[in-house]
Amino acid sequence: MKLYIKTFGCQMNDRDSEALCGLFLDRGYILVSEPEDADVILVNTCSVREHAENRAISFLGSLKKITNYKLQITNYRFQITDYKMVIGLVGCMAKNRGEELFKKMSHLDLIIGPANFDKVPYYIEKIRKEGVRIIDIEDKERKEDFYSSSFRVRKDYAYVVISTGCSNYCSYCIVPFVRGPLRLRNPEDIIDEVKRNVKLGIKKITLLGQNVNDYQYRLSAEGSTRGSTRGGFASGEGFASGEGSASGGQITDYKLQIIDFVKLLRMIEKIEGIEKIDFVTSHPKNTSRELFELMANSQKIKKHLHLPFQSGSDRILKLMNRGYTKEDYLNLVNDYKEIVRGTLSTDIIVGFPTETEEDFFETKDVLERVRFKYAYIFKYSPRPHTSAFKLEDDVPLKEKERRHKILLDSQRKISLEFINEK
Ligand code: 5AD
Ligand code: SF4
């Protein structure tokens, strides 16, 4: 059997697609590079902006031709009448638009949200045998088995998911609705995966979470993380009585009750064979000086921080529900530069509802003052379910494009300075 997988979106989606491929490879499938050659096509999608959804929809539409063509060829050449190519729409868009697309696109056999990825091979089997169509977009905790395969796209570098979903509810963001609330992976499972990467010869890893600083894992009383309460809670709640220690990635201190992101990093750092660690994404509202101290003193943690500021206007930041002001952000950046002496990158949204020229100039000011190594600049896209969706999208597209271009031009010059400084 042959699998073709197409991925839209972020690093989290790249890792999900890799893990999905692994599940199929472990069942004897092979990967192909053209959809025409596949028996199973999976399209892993992103819903963060409408543009990403539209690209995926147009790709899904183009697959209809392939199914017809493949059916004809197979029937003609091999006289097989029950041949079934299976096409699955998986990931964030399955959750956001799945029901609608299930009705509209009859060539889609499977629609499955990000929480149920471990079941994809099982559903594909069922579809092939029974000729049914399946939609499963229920939100639940992902099974750990999902990460079990040793398949890695790259031989020198790997992503490791530390948490899924998000409970921050930035007013523009669809992630909490499509990926569900914040759920933490057990630290021992994370460490196991890092060690498995080392066994595969991989020395560099990137830890992935929508906001890595939200990682606050509560341990069970015995000190083992297995079978302990899952899920995050507000920092400060029920903090540990003693500082934990970890050797060789093992959790040894029984007094330790909470493993936060900094502690998790310390454990991962101690794993023999790992040489470089980085992580995305850090939300400015709970990025700590403690993290900076660790970054400064570590031989393994990359001295680079992705710290999205989204807007430089306090009024817009409040409307975005970001939990910090322009001044808070600039102070944090100063601390980072002083302590870590590393580089920064960021995400910015232009044209959020009611954004004025004055608001925009506050954003431009942050961009120019901080001097990011690189920046991802987005035009605001209204997303269903979000609280900003209720606001009028009142900045005209032309104006969003103008602001977008101004920031891109400005950032291009700064990025060039970084290249020339080398
Ligand atoms: N419109 C535009 N950009 C968005 N992002 C998230 N939601 C939206 C939206 N509705 C951007 C943010 C985030 C990045 C991953 O995508 O900048 O940090
Ligand atoms: Fe979206 Fe905000 Fe969560 Fe990031 S922190 S995933 S922007 S809700």
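This report walks through a predicted model, from the overall fold to its two ligand sites and some local details.

## Overall picture

The protein has 422 residues, and buried residues make up 55% of them. Its secondary structure comes to 12 helices and 18 strands. Contacts often link distant parts of the sequence. Of those with a separation of 6 or more, 74% join residues 24 or more positions apart.

The accessible surface of the protein is about 19400 Å². Carbon and sulfur atoms account for 50% of that surface.

## Two nonpolar cores

The largest nonpolar core holds 53 residues. Within this core, Leu207, Phe261 and Phe279 touch the most other members. Helix H7, residues 261-269, gives the core its largest share, with 6 residues. A second core stands separate and has 27 residues. Phe117, Ile127, Phe146 and Tyr159 are among them.

Phe261 deserves a closer look. Setting aside neighbours within four places in sequence, Phe261 is in contact with Ile162, Leu207, Val212, Asn213, Tyr215, Phe279 and Leu291. That list includes Leu207 and Phe279, which are named with Phe261 as the members touching the most others in the core.

## Helix H7

H7 is mostly covered, with 8 of its 9 residues buried. The buried residues are Phe261, Val262, Lys263, Leu264, Leu265, Met267, Ile268 and Glu269. Charged side chains are on this list too: Lys263 and Glu269 are both buried.

The start of the helix has a polar contact. Here a side-chain oxygen of Asp260 comes within 3.2 Å of the backbone nitrogen of Val262.

## The site of ligand 1

Which residues surround ligand 1? They are Val48, Arg49, Tyr172, Gln310, Asp347, Ile349, Phe378, Lys379, Tyr380, Ser381 and Arg383. By class, this shell divides into 5 nonpolar, 2 polar and 4 charged residues. Two strands stand out as suppliers. Strand S17 (343-350) and strand S18 (374-379) each provide at least two residues of the shell.

Three side chains make polar contacts with oxygen atoms of ligand 1. A side-chain N or O atom of Asp347 lies 2.6 Å from a ligand oxygen. For Gln310, the distance from a side-chain N or O atom to a ligand oxygen is 2.7 Å. For Arg49, a polar side-chain atom is 2.9 Å from an oxygen of the ligand. On its own, ligand 1 has 400 Å² of accessible area, and the protein covers 85% of it.

## The site of ligand 2

Ligand 2 has its own shell. The residues around it are Cys166, Asn168, Tyr169, Cys170, Tyr172, Cys173, Val175, Pro176, Gln210, His283 and Arg322. This shell has 7 nonpolar, 3 polar and 1 charged residues. Tyr172 appears around ligand 2 and also around ligand 1.

## A buried aspartate

Is Asp109 buried or exposed? Asp109 counts as buried because its relative accessibility is 3%, and the cut-off for buried is under 20%. Asp109 sits in the loop between helix H3 (92-104) and strand S5 (110-112).

A polar atom of the Asp109 side chain lies 2.7 Å from the backbone nitrogen of Ile87. Beyond residues up to four places away in sequence, Asp109 touches Lys84, Met85, Val86, Ile87, Phe102, Ile127, Val132, Arg133 and Ile134. One of these, Ile127, is also a member of the second core.

## Backbone details

One peptide bond is cis: the bond from Val280 to Thr281, with omega near 0 degrees. Thr281 lies in the loop between strand S15 (276-280) and helix H8 (289-297).

Positive phi values also occur at residues that are not glycine. Thr354 has a phi of about 75 degrees. Thr354 belongs to the loop between S17 and helix H11 (357-370). With a relative accessible area of 32%, Thr354 is partly exposed. Arg371 has a positive phi of about 60 degrees. Its loop runs between H11 and S18. Arg371 counts as partly exposed, at 28% relative accessibility.

Definitions and conventions:
Residues numbered from 1 in each chain as written. Chains lettered and ligands numbered in written order. Predicted model: local features only at pLDDT ≥ 70, side-chain atom pairs only at ≥ 80, totals over all residues. Heavy atoms only, no water. Near = heavy atom within 4 Å. Helix = DSSP H or I, 4+ residues; strand = E, 2+ residues; numbered from the N terminus. Buried < 20%, exposed > 50% of the residue type's maximum accessible area, 1.4 Å probe, protein only. Polar contact = N/O pair within 3.5 Å; in protein donor to acceptor, adjacent residues only side chain to side chain. Contact = heavy atoms within 4.5 Å. Core = buried A, V, L, I, M, F, W, Y, C linked by side-chain atoms within 4.5 Å. Areas by Shrake-Rupley, 256 points an atom, 1.4 Å probe, with all protein chains shown as cover.
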